[in-house]
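Trainee: Could you take me closely through one part of this model, beginning with a single loop and following whatever it leads to? I would like a connected account that I can check against the coordinates as I read.

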Amino acid sequence: MSTEQPLPEWADPAVSVDRLDAQGVSRRGLLRNAGLFGAGFATAGVLASPAAASAAATASRPSHGDDDPEFVYLAGDHHVHTVYSHDAKYTFSQQAMRAAQFGLDWMVLTEHSNIGHANAGGALAEHAEVVTARAENPRMLLFQGLEWYIPAAEHATVFTAPGPNEAEILRQFELAYDGKLLNRTTDTPQNQALAVEALTWLAARKRAGDVPDALVFANHPSRLGIDSPAEMRGWRDAAPGIMIGMEGAPGAQGAALPGWRGANSIRGEYENKPSAQSWPGYPAESYVTYGGFDWMAATVGGMWDALLAEGKLFSITSNSDSHRTVYDTWRNGDWAPGKNFDNTGKLPDPVQTSTPQPGSDFWPGQFSRTHVGVTRYGYREVMAGLRAGRVWVDHGQLIDAIDVRLVAGGSGRGATLGGRLRARKGQKLTLLVTVTTASRPNYHGVLPALAHVDVIRGAVRGPAADRTSWRAPATKVARSVDVSGRTGTYTLRIPIDPVREPTYLRLRGSDGRRNGPGLLGAAIDPHGPVAHTPGDGDPWLDTWFYTNPIFIDV
């Protein structure tokens with residue numbers, strides 16, 4: 001498999017620092033301080049030893065003389081498949097190489113559980129290849145994970161920090177709690193309880209020191225309509241430091257490229273109708289994507305906001321869900337006589353053809369990115385940043401960077417994404433949004449242009465009285481700033497109306513090419529993302545960024 005793209009400029013020792021934007025300089029600094037830049041590329045097998053990697057990065061924390069350092073945002077993807085998944089195609093090394101090629105710093109390999117995967121040893125059988133891929137890609141923080149079939153619900157990413165038990169814990173989790181393996185997929189109270197038990201078991205393993213850390217994200221939550229509001233609240237509340245969020249935007253973003261898969265194709269492969277297992281309270285509009293984002297995240301005042309309105313952080317991510325890449329000419333190799341996935345747990349490695357093969361996905365980092373704020377370059381640092389909610393996501397490399405600070409009195413360090421600011425009732429607050437616009441063409445060959453930045457504001461009123469509710473009626477777009485034509489790095493100083501009750505703020509923005517009234521009406525969202533015509537959803541022509549919230553305690 002050839003590499004058609006160079007390293008991103010900030011990671012390329014041949015590129016002068018003068019050609020980098022501020023975020024690129026910061027990311028390069030983390031690599032250099034971790035011994036992974038320049039000459040270190042040739043010798044840094046350090047990431048084959050995760051403990052050594054974290055030790056090498058210890059000195060890389062920026063020093064600002066306060067408790068709120070400047071965060072460097074590392075780009076990653078927590079949902080990637082290989083030949084160890086029954087419906088995927090690529091090797092670990094191929095996925096890691098492509099992720100590095102498209103500028104990612106971290107990635108989670110998440111194989112589907114099923115009979116073949118489990119019978120062949122699951123995570124234990126994969127682990128040696130994970131270690132090899134880490135050694136081959138020293139700049140990549142490469143996590144091992146699992147795509148869990150949640151009992152009574154959809155899928156989820158489960159992953160751990162590297163350590164001596166990482167594969168064994170994943171193996172135990174799969175055998176004990178996977179809904180597909182155990183035939184526990186139907187929506188019954190017993191199966192819902194098993195999902196909660198699984199999360200509490202994982203939390204217990206972390207507390208006991210069996211693994212250094214573990215995280216879970218709900219994947220493509222609206223695709224089938226089977227992740228009910230009560231279940232999502234139950235998962236979050238059962239293990240609040242473990243189940244920390246959901247995919248705000250699913251993978252399979254190339255599914256609706258015009259002329260590619262068919263007239264009914266939708267971005268994300270959200271092409272389903274309600275079934276007997278679907279929660280009946282979701283509207284028909286929830287089964288498609290909006291600007292490539294899941295209905296739960298895209299709807300201002302919808303399910304994501306209903307969770308945030310309880311005052312509890314719940315993060316969103318954006319990922320490739322890479323199985324089979326659009327326009328790719330590789331196919332799986334042929335089976336040896338008598339072999340199949342059920343008796344091997346692994347597909348034949350891909351072989352090259354001269355013909356484009358079926359697929360809906362982009363390579364990790366090629367289109368979708370999850371950016372997580374860290375002060376050191378390391379595995380546990382990325383997981384800590386995810387748990388803290390220092391996260392923003394984008395499609396199509398819409399912007400190079402964004403830094404968000406909420407401050408009192410118009411200055412000071414304040415709070416950033418995922419954080420909380422304590423304010424007096426009626427106090428004046430200012431949102432400082434520093435944007436670095438795209439400085440080079442994206443992986444589609446086009447220089448992205450940001451058109452607007454929207455501030456979404458919601459009231460925090462405590463735990464939901466109705467745990468089946470997906471509405472946050474006090475949430476709306478509070479302000480929209482036109483930034484068309486602005487380039488480089490600039491800071492928006494956005495005054496926030498005095499707060500009278502606990503509140504949260506979150507941001508989004510887009511290229512401005514496709515928008516309209518939001519699903520809950522123009523008074524709530526005057527120009528939100530809209531659904532595309534089936535079969536005509538070129539993702540490169542409809543790109544957005546979203547940030548996690550900042551909470552205001554009054």
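**From one loop outwards**

Mentor: Asp321 sits in the loop that runs between strand 7 (315-318) and strand 8 (330-332), and since the model is a predicted one, everything that follows describes the prediction. The backbone at Asp321 has a phi near 50°, which is a positive value in a residue other than glycine. Asp321 counts as buried because its relative accessibility is 10%, below the 20% under which a residue is called buried.

Asp321 also takes us to a pocket. The second largest pocket in the model has a volume of about 310 Å³. It is lined by 20 residues, and those closest to its centre are Asp87, Arg223, Glu269, Asp321 and His323. Sorted by class, this lining holds eight charged and eight polar residues, together with four nonpolar ones.

A positive phi in a residue other than glycine turns up again at Ala252, where the value is near 55°. Ala252 belongs to the loop between strand 6 (243-249) and helix 10 (295-298), and it is classed as buried because its relative accessibility is 6%.

Strand 8, at the far end of the loop that holds Asp321, leads on to helix 4, because strand 8 is among the elements within the 4.5 Å contact distance that cover the buried residues of that helix. Helix 4 spans residues 92-101 and is mostly covered, with nine of its ten residues buried. Those buried residues are Phe92, Gln94, Gln95, Ala96, Met97, Arg98, Ala99, Ala100 and Gln101. For reading such a list, it helps to recall that an α-helix has 3.6 residues a turn, so residues three or four places apart point the same way. Besides strand 8, the cover of helix 4 includes strand 1, strand 2, strand 3, helix 6 (123-136) and strand 9 (350-352). After helix 4 comes Gly103, which has a positive phi near 90°.

Strand 2, one of the elements covering helix 4, deserves a closer look. It consists of residues 106-112, and seven of its seven residues are buried. Trp106, Val108, Thr110 and His112 point one way from strand 2, while Met107, Leu109 and Glu111 point the other way, and all of them are buried. Strand 2 has a parallel partner in strand 1 (residues 72-80), to which it is joined by three bridges; within this pairing, Gly76 has Trp106 of strand 2 as its bridge partner. Strand 2 also pairs in the parallel sense with strand 3 (residues 141-149), this time over seven bridges, and here Val108 is matched with Phe143 of strand 3.

For a contrast in strand direction, turn to strand 14, residues 429-437, where eight of the nine residues are buried. Strand 14 runs antiparallel to strand 12 (residues 399-408), and nine bridges join them, with Asp403 having Thr434 of strand 14 as its bridge partner. Strand 14 pairs with strand 17 (residues 489-496) as well, again in the antiparallel sense, over eight bridges, and Val433 has Leu492 of strand 17 as its partner there.

Further along the chain is another buried loop residue, His527, which is found between strand 18 (503-510) and strand 19 (544-547). It is called buried because its relative accessible area is 19%, a value that falls just under the 20% cut-off. The side chain of His527 makes a polar contact of 3.0 Å with the side chain of Ser480. If neighbours within four places in sequence are set aside, the residues in contact with His527 are His452, Asp454, Ser480, Arg508, Asn515, Gly516 and Trp544.

The last feature is an enclosed space. The model has three cavities of 30 Å³ or more, and the largest cavity has a volume of about 40 Å³. Its lining is made of Tyr290, Ala298, Thr299, Gly518, Leu519, Asp525 and Pro529. By class, these are four nonpolar, two polar and one charged.

Key: Residues numbered from 1 in each chain as written. Predicted model: local features only at pLDDT ≥ 70, side-chain atom pairs only at ≥ 80, totals over all residues. Heavy atoms only, no water. Helix = DSSP H or I, 4+ residues; strand = E, 2+ residues; numbered from the N terminus. Buried < 20%, exposed > 50% of the residue type's maximum accessible area, 1.4 Å probe, protein only. Pairing = 2+ DSSP bridges. Polar contact = N/O pair within 3.5 Å; in protein donor to acceptor, adjacent residues only side chain to side chain. 1 Å grid on protein atoms, 1.4 Å probe; cavity = no way out; pocket = protein on both sides within 12 Å on 5 of 7 lines; lining within 4 Å. Points joined across faces, edges and corners; volume = space filled by probe spheres on them. Nonpolar A, V, L, I, M, F, W, Y, C, P; charged D, E, K, R; others polar.
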